[in-house]
Amino acid sequence: MNAVTRDDALGTTDLPWDGIARGYAPPDVLSINSRLRLQTAEEPEVDPITYEVIRNSLQNINLENGHTIQKLSISPITMINRDFQCAILTEMGDVMFMGPYLMYLANTLGIMTKWILENRSESPGIDDGDVFLNTDPYVGSSHQQDTGLTSPVFWEGELFCWVANSVHYSDVGGPAPGSFCLSSTDIWEDPPLFPPMKLVERGRVRADMEQLYLRQSRVPSTVGMDLHAALAGLTVSRQRIIKLLERYGAQTVKAVMRKTLDASERAFVDKLHMIPDGRWAERIYTEAAVPGDRGIYVSRVNIVKEGDRLYVDNEGTSPQIGAINNTYAAFVGAVLAPLTLMLAYDLGGVCGGVSRRVEFRPVPGTITCADYPAPVSSAGVCNMPMVVATATGAVAKMLACADPPLRDKAIGIADVHAYGGWIFNGIDQRGRFFMAMHSGMAPGAVPASTSRDGIDTGGIYWVPGMEASNVEDNETSWPVLTLYRRQNRADAAGAGRYRSGVAAEEAWMLHGTDELDTQVYNNESFAKCQGLLGGNPGGRAFFRWKRNTDISARIAAGDIPQDFDEVEGEEVPLSWKGRPIRLERDSVWTLNLPNFAGYGDPLDRDPELVGRDVAQGVTTVGEALEVYGVTVGQEGLVDEKATAAGRAAIRKRRLKEGVADPAVMSPPDAWAAASTGVAGSSQAPVNGGRARVIINENLSLVRTAGETGFEAGLGPASRTRYVCACGQDLAPGETDFKKGCLVKESPVDAIGPGYTSFDMEMTEKMCFREFFCPRCGARLATEVARVGDEYLWDIELRL
Amino acid sequence: MGYYIGVDGGGTFTDCAAMDETGRLYYAKAATTQEDFAVGMFAALAALAEECGTTVTDLVAGTERLSLGTTVGTNLLVERRGARTGLLATAGHGDSILMMRGTGRTAGLEPDLLFHPQATAKPVPLTPRALIAEIDERMDYKGDEIVPLDEEAVEAAVCRLVREAGVTAIAIAFLFSFKNPAHELRAMEIVRRVAPDVYVCCSHQVAPRLGEYERTVATVINSYVAPASAAYFGRAADRLRETGLRHPLLVMQVSGGVLPAAKAAEIPLTSLGSGPVGGLIGSLSLARRLGHTNIIATDMGGTSFEVGLIIGGEPLVGDENVIDQYRYRLPRLETTSIACGGGSLARLDPHSRSIRVGPESAGAEPGPVCYRRGGTEPTVTDADLVLGLLSADGFLGGRMPLDREAAVAAVAALGEQVGLGPDETAAGIVRINNTRAAELIRQQTVVRGYDPRDFLVYAYGGAGPLHAFAFAQELGVKGVVVPLGNGASTLSAYGCSTSDLVLNIEREQVLFAPFPVDELNSLVAELESRALASMSGMGRGAGEVEIERYGLMRYSGQWLHSLLVRLPPGELTAEALERAVDDFRSMYDTLYGSGAGLVSQGVELITTRIHAVVRLSRPDQAVEKASRKPLPRVGRLGTREIFWPDHMGRLESEVFDGRQLRHGNRVPGPAVIELPYTSIAVGVGQTLDCDVFGNFVLRLNRPGSSAATHMGAAATSVGASAGGSR
């Protein structure tokens, strides 16, 4: 295949991070033309009351930017999917407030604004009333569709701050309707890049620039309305900030901005102090760089926590290839999303303080930090959810090691590829061309966390407020009929001590047209959503299609099929990322958004909760027994004795089926018994360091009382050991605890019915690994991995 | 004697307001009784009778009209005490109300919570999955039948739901029923035949709008609250009839009007959340009398701050409703609320070392620290007490002594953490609370393209009149009216008593401009005849009914936004409809800036609405004679040292008994007017006048302003200068 892999992609560290050859990474000190005067002076003291009054106003001003966009935009993806973001930034382009919308866009606005400060302050200059437009992901957006607008707010001739927003525009050109160019192998097969240009000059929209942008689109009127909505949002924000400056003075408001950022930084640091130093990693696999490709690729996020800083890289990520790339700005935004949600949940969207404490060091030339001219327009469906997912996994494991109550905030991976679902176009029932991005999968699900079950169809939590369209909205706008839309069952997918919320599925047929083209669909050949600390992985997202079905006859007979498998017809095998397909008359197709990550060993789930799920019809009696080892009646009544026996039998089977890593011998029981009492059980720091870190209910790292540990030839005596709650010593703290586990490797489609695949060739490349305590059989970790890949050493703690 | 009575059985208290034939007003309150609302209502009526100098029996027998505002439905829903409700849904779509469009975790929450996934959850389902039956039937977007109704399946489902699952109410919500209700109607017939005792309603009747989730929610909530609401309305009506009420009991609606109790019981959803609407209607009624056209109506109570707008003499109408994270669409007078009131808690933000106020609230229990009911964290009310805006012995007419020392201690403890003394801290708490209130008002006006400076604030509710002096000043509005003085805390009840009969009848039908004239004319004719028939059922002849027509219009594809555009009366012509489209475009540009809309983008009309009103007569409010007595001798209770938050200093301030003030009295600030149910603060440089209707009118501190010309009633200055600044 002809993927773009620069010959020298990896290791070309000599390329500048300038937004041209490589994604722009802002330097610590920006180089800004001295003609541009910056308002930097601040009042040294602002009383706590005035501070709160102004902070509250600024937060509301930013929300108004978002409300305006949401109300006035006309593409469902913006108004319903909340695929936009808005921000107030300091004069230097640091994001102060972001809105409760698509999280990963927030920081791209900061990066883009900094680039403008460095590259546009001389020519054409930055003036009062200007609005810059940018679509270039190398400068700072996640893909070309996420066009950013940023506008300087001036006060007495000085640049006081910026207001900005980023909105997903339905089509910004390029070969594929919707501008997700899944077949691109270089940037010239992608929609055009517009590096920052002045859309509005001193308060007047430049007709030439507006037309240049809209001219690329298949739906210029829709994009035009959305663009005006975005401009209206900026106008509202800018006017309100000016009012604030008139009232309180620039120096006071500036002081509040700085203090707010400082406070958010302190809040973040306080939380970091609740986390032991260490390194955490997540690895997510993806497939098909372009349609037809059978390759498997890796996204890695590694987080090192040292004192009050985090260091994030993507080492281990595949070299850039095909159309599955994103730029530096997108990587940073995607990592900050879960960090903000899990560690800055109490800051009301002040994310600037978070990014001050996080250093990004991604390896360039990789799929998650691509160099020019890699195509990136598909990032919205291919990469962004994947990088968010990868980062979520790493952050969640880090948080799982934190002291309570922070530990309770760790949430599993929400979505890897399914978000973005399905883009289709054709002639609608009124004979007009239409293009649609289906948001029906937005019901989402909240995955399991370390402290509770996830939430059934609770939305995609990193896009707060995202909505699914109504079936009636869809059918009024597009020539389709939805046969069913319903919640999934809580089956094996996402099972665990705490289970994932269930997501949803739906099935469609044509109505009022004879054909429809789909541009993007997701039919995973294997499940990609990693489980959290012993939980089951999320299920497999699928898109299935049958043609020449009996649907017309059945409908005519008054029967609305409620099970895709029952529809008679010719199923067309679809690969994960196929070429566009044409759905014709009597086609029926179904989309499934799978359940997401589960947390912890399913055998540790409270049987009463399993009973409740059975009673509510969310789980079947059979699934309860198979997945959870719980014997339960139809009404949800748990047979405790049978359950205890059933679970014991499963644990026994695990011990039989699991294999020890040949390099490690089991430790003697004597040490295992002794280790339970080692150095107390408190998680709290003792003598400046923690005595024990609870990783999950079974797995802990403990500090040993001296050098009496079991060594097993793994080097010098360890001061810390991984132990199981049953007392079993697993491994020295300096190594991967998985090496002290029994491991069972099984086919990735054998986890349960939610994982079965149509594509055996791809499936066989992957496996499912379970890591059991060699003594009690507790499942301590799981991995979906490429056959032959090393275990992911994902937790490394320094007490 | 003929009385016109409004009762608001809303929160902690059941409020009453009455006007007699001479136009005199009376107010009373009694504690709300949760177990049987009628008990509290009669206690309040007894108190009212006492005010009127008569007995309950004579009062009720002499009543020409009695209108009731109630939160019984809201309480049933929030506390999940409603009927066990079954749902019949289209095959394949029964999960819609469980999936909640993915917004069930977040709808209606404060934005801060959206960043905190672990602090959010979906509400307890109104109807669990086991009570949802899917029925084979299907209409398409045009209302064409795709699959006929499986009547046997309906019967079987109803039998199962009623006999096995024990439901006492059923909601029917099929896809596209608002385009073609045939299947819903047929299913309803079957329910009525199979289970005649079970309450049943259809989505096309309750909320005939596009969007199955919102329509289903509306229908299910309606069924959920219907049996108990009907029983409640019936019980109240029976007891009133037994006591001698000669006219049908009227029930307040979110439309801003009232309906006879029997009619209201048919679709109780339209009474749900009508509390804030009562205050807005009360404001509207007074505003019309005073010639005020642009009003920001604000209701600040213990936990919430509600804002409604009257623009050009008309209240704003919206249709988005969220209750307990369930969302539905129903035309209503628009009010917006934030958690901001006397009970809002002041807390330290440890990272910025600043003070946050709200959204957490001490509520009624334990309430502020000074209530001595176990509250330990300082609230806005505690701060008011520390400052001296409230007095320890003047609260609720002296019936509830407040613990000032405890309030000072709590406020001081918070202040110490940020290096402020108790007075400065209390002033800060009040300032922050007022800013939050002002921020909400600014949003509601500015976002709609209005300038707050063109408005008067009407301030009511227990805590509103005390804080308006500051948040109104902050906004720079023209002035503040504390409507009806002591009646300000019972304004919702007054609003109920002044409401007219109102019906909204609407139909969702998407029409693209240029609109088809004939189709629209026949649609309007059909809706109007339905409105007239319905009014006739309430004994109202066509001659009494005033009809207004509206279209909800939007740019094509704008799913989340529409503007209400008035359509002309009479036969609609192509020209008239073209003008309506122009009206839409210019409204849009006014709201969102010139050029916000694209000329190239088509306009569509999505919903046609008929607003039918029968004006209910009532006496004109009595006009007071001007007082001749100079101020210092009238109701002067003395002076108090008050720490004014906008002044940051203690000033000797006059305290008046508001009941003694008459038209013609003018009170210069700094002063506090104490009334049994509320207090009014008059800031430094502000003045307060009493108008001929008993409203208090606060002139804000804006030298050279033209505020006075906008005040309805003229006032003469007879006040003596008190205090002044030191």
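## Where the two chains meet

The contact between the chains draws 69 residues from chain B and 76 residues from chain A. Please keep in mind as you look around that this is a predicted model. On chain B, the elements that give two or more residues to the side touching chain A are helix H4 (96–99), helix H5 (111–114), strand E8 (145–147), helix H9 (212–243), strand E20 (354–361) and H14.

Which of these gives the most to that side of chain B? It is H14(B), with seven residues. Sorted by class, the side of chain B that touches chain A has 31 nonpolar, 22 polar and 16 charged residues.

## H14 of chain B and its helix neighbour

H14(B) also packs against another helix of its own chain. Helix H13 (residues 404–418) of chain B and helix H14 (residues 422–446) of chain B cross at an angle of about 90 degrees, and their axes are 8 Å apart. Angles of 65 to 115 degrees count as roughly perpendicular, so H13(B) is roughly perpendicular to H14(B).

If you would like to find this contact in the viewer, start from H13(B), where B:Val408, B:Val411, B:Ala412, B:Leu414 and B:Gly415 take part. They meet B:Pro422, B:Glu424, B:Thr425 and B:Ala426 in H14(B). By class, the contact of H13(B) with H14(B) has six nonpolar, two polar and one charged residues.

## A buried leucine in chain B

B:Leu309 sits in strand E14 (residues 305–311) of chain B. Is B:Leu309 buried or exposed? With 22 other C-beta atoms within 10 Å, B:Leu309 is buried, because 20 or more such atoms are enough to count as buried.

What does B:Leu309 touch, leaving aside its neighbours within four places in sequence? Its contacts are B:Ile296, B:Leu316, B:Gln444 and B:Thr445. B:Thr298 is 11 residues away from B:Leu309 along the chain, and their C-alpha atoms are separated by 8.7 Å.

## An enclosed helix, and the domains of chain B

Helix H15 (residues 464–475) of chain B has 12 of its 12 residues buried, so H15(B) is largely enclosed by the rest of the structure. Among the buried residues of H15(B) are B:Pro465, B:Leu466, B:Phe469, B:Phe471 and B:Leu475, and also B:His467, B:Gln473 and B:Glu474. Just after H15(B) comes B:Gly476, which takes a positive phi of about 70 degrees.

For the wider layout, the domain assignment divides out four stretches of chain B: domain 1 (3–71), domain 2 (81–229), domain 3 (501–614) and domain 4 (631–710). Taken over C-alpha atoms, the centres of domain 1 and domain 3 of chain B are 38 Å apart.

## Domains of chain A

In chain A, the domain assignment gives domain 1 (48–266), domain 2 (602–657) and domain 3 (660–798). Domain 2 and domain 3 of chain A are in contact, with seven residues coming from domain 2 and seven residues from domain 3.

On the domain 2 side of this contact, helix H15 (residues 640–657) of chain A gives the most, with five residues. How do the residues on that side of domain 2 of chain A divide by class? There are two nonpolar, no polar and five charged residues.

## Two open sheets in chain A

One open sheet of chain A has four strands in the order E21-E28-E29-E30, with antiparallel pairing. Its edge strands, each pairing on one side only, are strand E21 (659–660) and strand E30 (779–786). Strand E29 (residues 766–772) of chain A pairs with E30(A) over seven bridges in the antiparallel sense. Two partnerships to look for are A:Phe771 with A:Ala781, and A:Glu770 with A:Thr782. The hairpin of E29(A) and E30(A) has six residues between the strands, and in it A:Gly777 takes a positive phi near 80 degrees. Seven of the eight residues of E30(A) are buried, so this edge strand is largely enclosed by the rest of the structure.

Another open sheet of four strands in chain A runs E13-E12-E16-E19, again with antiparallel pairing. Strand E13 (433–438) and strand E19 (581–584) are the edge strands, and the twist averages 25 degrees from one strand to the next. Within this sheet, strand E12 (residues 422–427) and strand E16 (residues 515–520) of chain A run antiparallel and are joined by three bridges. A:Asn425 stands opposite A:Asp517 in E16(A).

Key: Residues are numbered from 1 along each chain as its sequence is written. Chains are lettered from A and ligands numbered from 1 in the order in which they are written. This is a predicted model: local features need pLDDT of at least 70, side-chain atom pairs count only at pLDDT 80 or more; totals for chains, interfaces and linings use all residues. Axes are lines fitted to C-alpha atoms, for helices over the stretch in contact, and angles run from 0 to 180 degrees between N-to-C directions. Angles under 35 degrees count as roughly parallel, over 145 as roughly antiparallel, 65 to 115 as roughly perpendicular and the rest as oblique. Two residues are in contact if their C-beta atoms, placed from the backbone, lie within 7 Å. Ala, Val, Leu, Ile, Met, Phe, Trp, Tyr, Cys and Pro count as nonpolar, Asp, Glu, Lys and Arg as charged, and the others, Gly among them, as polar. Two strands pair if DSSP finds at least two bridges between them. Domain bounds come from an automatic or database domain assignment.
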